[in-house]
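Colleague: I am new to this structure and would like a close look at a single part of it. Please choose one loop, go through it carefully, and then follow the chain onward from there.

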Amino acid sequence: MNLFDTHAHMDDKAFDADREELLRALPEQGIALLMNPGCSLASSRAACDLAEKYDYIYAAVGSHPDAADEVNQETLEAYRMLCKQNPKVKAIGEIGLDYHYEDIPREIQLRAFRDQMALARELNLPVIVHEREAHEDGMAVVREFPEVTGVFHCYSGSAEMARQLVKLGWYIGFTGVLTFKNARKALEVAQSIDLSRIVLETDCPYMSPEPFRGKRNDPGKLYRMAQVLGQLRGIPAEEAAGIALENGKRLYGIG
């Protein structure tokens with residue numbers, strides 16, 4: 001089974017003890033490609049370093065909603081230079097909105113989201129969007145930038161919203177939530193949208209799939225999402241993995 005983990009935080013401190021050992025072993029576990037998005041300027045730089053070190057790893061740069069208060073002209077210029085200097089930077093992300101805790105005021109999140117969408121438009125790059133409990137505002141920003149598309153990762157919206165995004169040219173990312181018994185909404189979305197717009201991700205070290213819930217997640221567990229997607233769409237897991245891999249390559253412009 002050849003897999004593309006389209007969203008993995010391998011720079012996270014949860015991997016400090018065994019990162020190199022794990023990354024060396026992943027290709028033998030079927031991980032053909034891996035996208036490591038940044039969550040801040042510091043983690044974006046770390047993601048770029050990993051991409052330079054491992055052939056199968058690519059990077060995205062951007063500030064997560066939890067780091068939206070760091071986004072200013074200097075930060076944006078740093079992201080611009082990382083994109084221009086490193087051909088393995090394939091997206092701006094992860095960026096977006098998170099209204100669950102609201103540690104960062106909404107107006108600051110919205111400004112950072114718009115500024116980074118504008119940067120993606122300028123550089124002609126896709127974006128990786130984190131959107132949690134901010135569906136209306138998230139869609140409003142998306143519609144402000146019709147030239148920009150990408151992926152709504154760890155998708156948590158409705159099937160109707162997913163269909164709207166697909167019509168606008170977006171991809172939908174599914175994590176280990178697909179394997180949860182109470183994940184009716186995610187299952188409905190995965191069954192109802194065009195298979196050519198689905199990508200698979202671990203979002204590790206978070207969101208471990210069943211039967212690994214409660215343990216640290218890693219890309220070696222991505223096969224579980226491919227198994228469930230295959231079951232939902234009535235195709236072999238290997239075929240589901242292959243389709244999702246090609247979708248991810250198309251999303252990020254990887255030849």
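**The loop between S8 and H8**

Modeller: Pro211 lies in the loop between S8 and H8, where strands (E, at least two residues) and helices (H or I, at least four) are DSSP runs numbered from the N terminus. Please keep in mind that this is a predicted model, in which local features need pLDDT of at least 70 and side-chain atom pairs count only at pLDDT 80 or more, while totals for chains, interfaces and linings use all residues. Residues are numbered from 1 along each chain as its sequence is written, and side-chain values use heavy atoms, with hydrogens and water left out.

The bond that joins Glu210 to Pro211 is a cis peptide bond, with omega about 5°. Pro205 also has its place in the loop that runs between strand S8 (198-200) and H8, and the peptide bond leading into Pro205 from Cys204 is cis as well, its omega being near 15°. Asp203, which is likewise in the loop between S8 and H8, has a phi near 55°, a positive value although the residue is not glycine. As general background, most residues other than glycine have a negative phi, and most peptide bonds are trans. Asp203 counts as buried because its relative accessibility is 9%, buried meaning under 20% relative accessible area, exposed over 50% and partly exposed in between, with a 1.4 Å probe and protein chains only.

Following the chain onward, helix H8 (residues 223-233) packs with helix H9 (residues 237-252) at an angle of about 105°, their axes being 8 Å apart; axes here are lines fitted to C-alpha atoms over the stretch in contact, and angles run from 0 to 180 degrees between N-to-C directions. The two helices, H8 and H9, are therefore roughly perpendicular, a label for angles of 65 to 115 degrees, whereas angles under 35 count as roughly parallel, over 145 as roughly antiparallel and the rest as oblique. On the H8 side the residues that meet H9 are Ala226, Gln227, Leu229 and Gly230, and on the H9 side they are Ala237, Ala240 and Ala241, where contact means heavy atoms within 4.5 Å. By class, this contact of H8 with H9 has 5 nonpolar, 2 polar and no charged residues; Ala, Val, Leu, Ile, Met, Phe, Trp, Tyr, Cys and Pro count as nonpolar, Asp, Glu, Lys and Arg as charged, and the others, Gly among them, as polar.

For the wider setting, the chain comes to 9 helices and 8 strands, and 59% of its 255 residues count as buried.
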